Amino acid sequence: MTTSTQAYGEPWYWDNRYSNEPGPFDWYQKYLTLAPITNLYVPPAQPVLVVGCGNSAFSEGMVVDGGYTDVVNIDISSVVIKAMKTKHQDCPKLKFMKMDARDMSDFESGSFGAVIDKGTLDSILCGNNSRQNATKMLEEIWRVLKDKGVYVLVTYGAPLYRLRLLRESCSWTIKLHVIEKLASEEKSDNPVWELTKPVPLNDDGSSVEEALGQNPDVHYIYICTKVLTFIVLRLVMSLVNSTCHIPLL
């Protein structure tokens, strides 16, 4: 029998959950605690995609408090999408669509200036075929982003567990921020790290432990920027290499 953990990637699991727990719930962080990050990296004038939106109030906060004008929300659960469409039917700035983040073929490439993910990648990594499904999702996110668009990933995964996956999936430039797991709308007098200040990030992520100490009680916020120049350079180098090895007749 499939366990609830392994079923995180299955629509029926989330349909059952949202049928039994219809009230609003925000995974990890609410909009106001993350607003400094969205203000810093997510352009309000460009379309924004929220993957695995659930019944979170985060997107509503982006529109009401943040001034965002085009926030598209997708979720694998038809139950929660139906409920959110009804709830926000009078707000054209919020759109809700049933869709699997691993296959967003309904969206053209380069459709969004930013993609926000609060816990969806983590959920997929808890399910069956986790690495394969996570890579599919990341590749789709990269595809639907505009050049220089940002993927904002809020996760419990430390760099030791996330950097390799992110770097092997797509060509990103990556910055890291952290926020206390129990962050409130009021600023802490002694935060682990200033939210809007990137944490030093070296290739293996060991610099993060040096800056924050071992096992800090934080959520990690990866700011992954899509840069096409890396792909172009890789293609050019590939062509050069292949040309150099063509045998002379």
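**Exercise 1. Packing of helix 7**

Task: In this predicted model, find what the buried residues of helix 7 pack against.

Solution.
- Step 1. Locate the element: helix 7 spans residues 159–169.
- Step 2. List its buried residues: Pro159, Arg162, Leu163, Leu165, Leu166 and Ser169.
- Step 3. Trace their packing partners. Among the helices these are helix 5 (120–125), helix 6 and helix 8 (206–212). Strand 5, strand 6 and strand 7 are also packed against.
- Step 4. Recall the helix geometry. An α-helix has 3.6 residues a turn, so residues three or four places apart point the same way.

**Exercise 2. The nonpolar cores**

Task: Identify the residues with the most contacts inside the largest nonpolar core, then follow the contacts of Tyr151.

Solution.
- Step 1. Size the core: the largest one holds 38 residues.
- Step 2. Name its best-connected members. They are Leu49, Met104, Phe107, Tyr151, Leu166, Trp172 and Tyr222.
- Step 3. Ask which element gives the most to this core. It is helix 6 (residues 130–144), with six residues.
- Step 4. Take Tyr151 and set aside neighbours within four places in sequence. Its contacts include Met137, Leu138 and Ile141. Leu166, Trp172 and Tyr222 are also in contact with Tyr151. So is the charged residue Asp117.
- Step 5. Look for another core. One of 33 residues lies apart from the largest; Trp14, Leu34, Ile81 and Val152 are among its members.
- Step 6. Set this against the general trend. In soluble globular proteins, nonpolar side chains tend to be buried together.

**Exercise 3. The order of the sheet**

Task: Work out the strand order of the sheet and say which strands stand at its edges.

Solution.
- Step 1. Start from strand 1 (residues 48–51). Four bridges join strand 1 to strand 4, and the two run parallel. Val50 faces Ile116 of strand 4.
- Step 2. Go to the other partner of strand 1. Strand 2 (residues 71–75) pairs with strand 1 over four bridges, again in the parallel sense. Here Val48 sits opposite Val71.
- Step 3. Continue from strand 4. Six bridges pair strand 4 with strand 5 (residues 145–155), in the parallel sense. Ile116 stands opposite Val152.
- Step 4. Continue from strand 5. Strand 5 pairs with strand 7 over six bridges, this time antiparallel. Val150 has Thr225 of strand 7 as its bridge partner.
- Step 5. Write the order: 3-2-1-4-5-7-6, an open sheet of seven strands with mixed pairing.
- Step 6. Read off the edges. Strand 3 (94–98) and strand 6 (172–180) each have a single partner strand, so one side of each lacks a neighbour in the sheet.
- Step 7. Add the turn: neighbouring strands of this sheet are turned by 20° against each other on average, direction ignored.

**Exercise 4. Cover over the strands**

Task: Decide how far strand 4 and strand 5 are covered.

Solution.
- Step 1. Count in strand 4 (residues 112–118). Seven of the seven residues are buried, so strand 4 is largely enclosed by the rest of the structure.
- Step 2. Count in strand 5. Eight of its 11 residues are buried, and strand 5 is mostly covered.
- Step 3. Find a helix that lies across both. Helix 2 (residues 31–41) lies across strand 4, strand 5, strand 6 and strand 7, at about 160° to strand 6.

**Exercise 5. Helix 1 against helix 4**

Task: Classify the crossing of helix 1 and helix 4.

Solution.
- Step 1. Get the geometry. The axes of helix 1 (residues 11–20) and helix 4 (residues 78–87) come within 7 Å and cross at roughly 45°.
- Step 2. Classify: the two helices are therefore oblique to each other.
- Step 3. List the contact residues. Helix 1 supplies Asp15, Tyr18 and Ser19; helix 4 supplies Ser78, Val79 and Val80.
- Step 4. Sort them by type: three nonpolar, two polar and one charged.

**Exercise 6. Val218**

Task: Is Val218 buried or exposed, and which residues is Val218 in contact with?

Solution.
- Step 1. Place Val218: it lies in strand 7.
- Step 2. Apply the cut-off. Buried means under 20% relative accessible area. Val218 has 1%, so Val218 is buried.
- Step 3. Set aside neighbours within four places in sequence. Val218 is in contact with Val178, Ile179, Glu180, Lys181 and Val192.
- Step 4. Check a C-alpha separation. Val218 and Leu182 are 36 residues apart along the chain, yet their C-alpha atoms are separated by 8.2 Å.

Key
Residues numbered from 1 in each chain as written. Predicted model: local features only at pLDDT ≥ 70, side-chain atom pairs only at ≥ 80, totals over all residues. Heavy atoms only, no water. Buried < 20%, exposed > 50% of the residue type's maximum accessible area, 1.4 Å probe, protein only. Pairing = 2+ DSSP bridges. Axes fitted to C-alpha atoms, helices over the stretch in contact; angles between N-to-C directions. Contact = heavy atoms within 4.5 Å. Parallel < 35°, antiparallel > 145°, perpendicular 65-115°, else oblique. Core = buried A, V, L, I, M, F, W, Y, C linked by side-chain atoms within 4.5 Å.
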